[in-house]
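Q: I should like to learn how to read the features of a protein model. May we work through one example together?

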Amino acid sequence: MWIEILRLLRHKVIIKTAIVMVTLILVALFIQEYYDPSVISIWEYALMLIDNRILMLVIFTFLPFVLTRNTIETTPYDMHIAMKLKGINAWYYTRIICLVLFSVLFVLIAGLCIICVGALSGFNPISNWEESYYFYGQAVRADSFDQIGNPFILLIHKGPTPMQSFHIALLLLSFRISFYNIMLFICSNTSKGAVLGILSVGTFAWIEVYIYAIFCIQKPWGILPFEHSLVSSINAYRFPFYFSVAYWMALLTAIVNIGAYFRAKAMNPTKNSF
């Protein structure tokens, strides 16, 4: 199993990593133009970028596929691998492990790129939120998450330091990207192939990110991935961090088990999805 995992991880990893890094750096450079380094810290800049609704939908949902495509797609060679791994179960869980590892790699690259761009752009680090301009008056208004650049309300003012908040954001982002990678993997290995996978992921991501705004829902339901992907709040409400971790663990366990249950009927490892 581990030999197959290493094979998947090494496949054009340098080229894929370079593509991801260049894209993330360009995005970070574009976003930093909207913020004043003399007003906000590097941690606020990083969290604003990670919590951005559009970036969450586009960059942090689809860009990771650059790293994971070789793991998501299946070829006739995979039948040979499945036999060497003693069945489709081992083959399936090998792919899941690789998808999670690639998701973590993507998040680490993203975090590094964001911090580097922020530092080079002149954003200064702070050790506590009292040093932040936006700490006072809770950033203009109570529901300031919906105001560009002012997402800091409840969670980060109740214990975590700026750096800890950034680490929390990366952890939640890792959960989110792992979920969507696994979802694409499962959907792409049906009879409809990659088309169904991409459409399913895109549609679901758009709905779960924008459903509150579309229907003017004030209080989060606590059941959508988007609200558990944020460090900041939605309309001044944010579920406890540990609840979000439990939510992601339950959701990832559920989708992995659903994929495993239907793999015999819905997954065909001899078919090339792409």
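The dialogue below moves from the whole chain to a pair of helices and then to single residues.

Q: What does the secondary structure of the protein chain come to?

A: One begins by counting helices and strands. In this predicted model, the protein chain has 11 helices and 0 strands. Its pattern along the sequence is accordingly written α-α-α-α-α-α-α-α-α-α-α.

Q: How much of the protein chain do buried residues make up?

A: A residue is called buried when its relative accessible area is under 20%. Of the 274 residues in the protein chain, 53% are buried. One may also ask which parts of the sequence meet: among contacts between residues at least 6 apart in sequence, 75% join residues at least 24 apart.

Q: At what angle do helix α8 and helix α9 pack?

A: For a pair of helices, one reads the angle and the distance between their axes. Helix α8 (residues 88-120) and helix α9 (residues 162-188) pack at about 140 degrees, and their axes are 8 Å apart. An angle over 145 degrees would count as roughly antiparallel, and one of 65 to 115 as roughly perpendicular; α8 and α9 are therefore oblique to each other. Their crossing is right-handed.

Q: Which residues make the contact between these two helices?

A: On the side of α8, they include Trp91, Arg95, Leu99 and Phe106, while α9 contributes Phe166, Leu170, Ile177 and Phe185, among others. By kind, the residues of the contact of α8 with α9 divide into 16 nonpolar, 5 polar and 1 charged.

Q: How far does α9 reach, and how many of its residues are buried?

A: The reach of a helix may be set beside the span expected for its number of residues. The 27 residues of α9 reach 39 Å from the first C-alpha to the last, close to the expected 39 Å. Because 23 of those 27 residues are buried, α9 is largely enclosed by the rest of the structure.

Q: Is Arg176, which lies in helix α9, buried or exposed?

A: Arg176 has 0% relative accessibility, so it counts as buried. Beyond its neighbours within four places in sequence, Arg176 is in contact with Met56, Thr61, Glu208, Val209, Pro225, Phe226, Ser229 and Trp248.

Q: Where is Gly197 placed, and what does it touch?

A: Gly197 is found in helix α10 (residues 194-214). Its relative accessibility is 0%, so Gly197 counts as buried. Not counting residues up to four places away in sequence, Gly197 touches Leu184, Cys187 and Ser188. The C-alpha atoms of Gly197 and Phe185 are separated by 7.2 Å, with the two residues 12 apart along the chain.

How values were computed:
Residues numbered from 1 in each chain as written. Predicted model: local features only at pLDDT ≥ 70, side-chain atom pairs only at ≥ 80, totals over all residues. Heavy atoms only, no water. Axes fitted to C-alpha atoms, helices over the stretch in contact; angles between N-to-C directions. Helix = DSSP H or I, 4+ residues; strand = E, 2+ residues; numbered from the N terminus. Parallel < 35°, antiparallel > 145°, perpendicular 65-115°, else oblique. Left-handed = near helix turned anticlockwise from the far one by under 90°. Contact = heavy atoms within 4.5 Å. Nonpolar A, V, L, I, M, F, W, Y, C, P; charged D, E, K, R; others polar. Expected span 1.5 Å × (residues − 1). Buried < 20%, exposed > 50% of the residue type's maximum accessible area, 1.4 Å probe, protein only.
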